[in-house]
Amino acid sequence: MSFKDLKLNKPLLRAIAESGYDNPTLVQEKTIPLVLDKKDVIASAQTGTGKTAAFALPILQLLYDKQNEGKSGKKTRALIVSPTRELAIQINENFNRYSKYTNLKSAVVFGGASIEPQKEIIKKGIDILIATPGRLLELHKQDLINLSFIETIVLDEADVMLDMCFIDDVIKIELLCTDQIQ
Ligand code: AMP
C-alpha cells in the first residue's frame with residue numbers, strides 16, 4: 001500500500017515524501033482509514049513503528065478539510081495528551097513536520113517549565129494542542145484554554161498514562177470536551 005492509496009491530500013503527501021517515507025507502516029495502514037472515517041480507535045504497536053504519524057496524518061487531514069468552514073478565527077480542534085514532556089515535544093515536532101504545507105498550527109505545553117511563554121503561544125490561536133495532563137488542567141483552570149471545540153482527542157501511550165496514575169486527570173480532561181469527540 002502507498003500513502004496515496006490512503007487518500008491523503010497533497011500537502012500531506014509532500015511532507016511525507018520530504019520525510020523520506022516510501023510506504024505506510026502496518027499501524028499506519030490500519031489506523032489512518034479508520035481515523036479518517038471518524039471512528040474511535042485503539043492501536044497497539046511496538047515502539048518505533050510509526051504510531052505518531054498514524055494519528056497525526058489523519059488528524060491533519062480532517063482539520064485541513066474543514067479549515068475554511070467557519071472563518072471566526074482559529075479554534076483548537078485536536079488535543080493530544082501525552083504522559084511525559086519528552087514525548088509531548090516529539091509529537092509536536094511530528095505535527096510541525098507533517099503540517100509544513102498547510103496553515104495548521106500546533107503547540108505543546110507541559111509541566112516543569114515556566115507557564116508564561118506557553119500562555120502566549122496559546123493566545124495566538126492554535127489548531128492542535130499537545131499537552132501533559134497536569135499543565136493542561138492548570139491552563140484550563142486559568143481560563144486560557146477552551147476545550148469545548150475539541151473534535152478529536154488522542155491519549156498517547158495510554159498504558160503509560162495509567163501506570164503514572166493520570167487516570168483521574170484524563171477523565172477530567174475528557175469531561176471538559178464535548179460528548180461527540182472522536
Ligand atoms: P514513532 O513510532 O511514531 O516514534 O516513529 C518512529 C520513527 O519512524 C520516526 O523517526 C518516524 O519519523 C519514522 N516513520 C514514521 N512513519 C514512517 C514510514 N511510513 N516510513 C518510514 N519511517 C517512518
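Visitor: What makes the side chain of Tyr21 a polar contact of the ligand?

Guide: In this predicted model, a polar side-chain atom of Tyr21 lies 2.4 Å from an oxygen atom of the ligand. A polar contact is a pair of N or O atoms within 3.5 Å, so this pair counts as one.

Visitor: How do you know that Asn23 and Thr52 also make polar contacts with the ligand?

Guide: A polar backbone atom of Asn23 is 2.8 Å from a nitrogen atom of the ligand. For Thr52, an N or O atom of the side chain is 2.7 Å from a ligand oxygen atom. The limit is 3.5 Å, so both pairs qualify. On its own the ligand has 490 Å² of accessible area, and the protein covers 67% of it.

Visitor: Why are Phe3, Gln28 and Arg97 listed around the ligand?

Guide: Each is among the residues around the ligand, as are Pro24 and Lys51. Such a residue has a heavy atom within 4 Å of the ligand, which is why these are listed. By class, the shell holds three nonpolar, seven polar and two charged residues.

Visitor: Which pocket does the ligand take up?

Guide: The ligand takes up the space of the largest pocket. About 1300 Å³ of space lies in this pocket. Its lining has 45 residues, and those closest to the centre are Ala43, Phe55, Val154, Leu155 and Asp156.

Visitor: Which helix gives the most to the lining of the largest pocket?

Guide: Helix H3 does, with six residues. Among the other elements that give two or more residues are helix H2 (26-36) and strand E4 (152-155). By class, the lining has 21 nonpolar, 16 polar and eight charged residues.

Technical notes
Residues numbered from 1 in each chain as written. Predicted model: local features only at pLDDT ≥ 70, side-chain atom pairs only at ≥ 80, totals over all residues. Heavy atoms only, no water. Polar contact = N/O pair within 3.5 Å; in protein donor to acceptor, adjacent residues only side chain to side chain. Areas by Shrake-Rupley, 256 points an atom, 1.4 Å probe, with all protein chains shown as cover. 1 Å grid on protein atoms, 1.4 Å probe; cavity = no way out; pocket = protein on both sides within 12 Å on 5 of 7 lines; lining within 4 Å. Sits in = over half its atoms within 2 Å of the grid points. Nonpolar A, V, L, I, M, F, W, Y, C, P; charged D, E, K, R; others polar. Points joined across faces, edges and corners; volume = space filled by probe spheres on them. Helix = DSSP H or I, 4+ residues; strand = E, 2+ residues; numbered from the N terminus.
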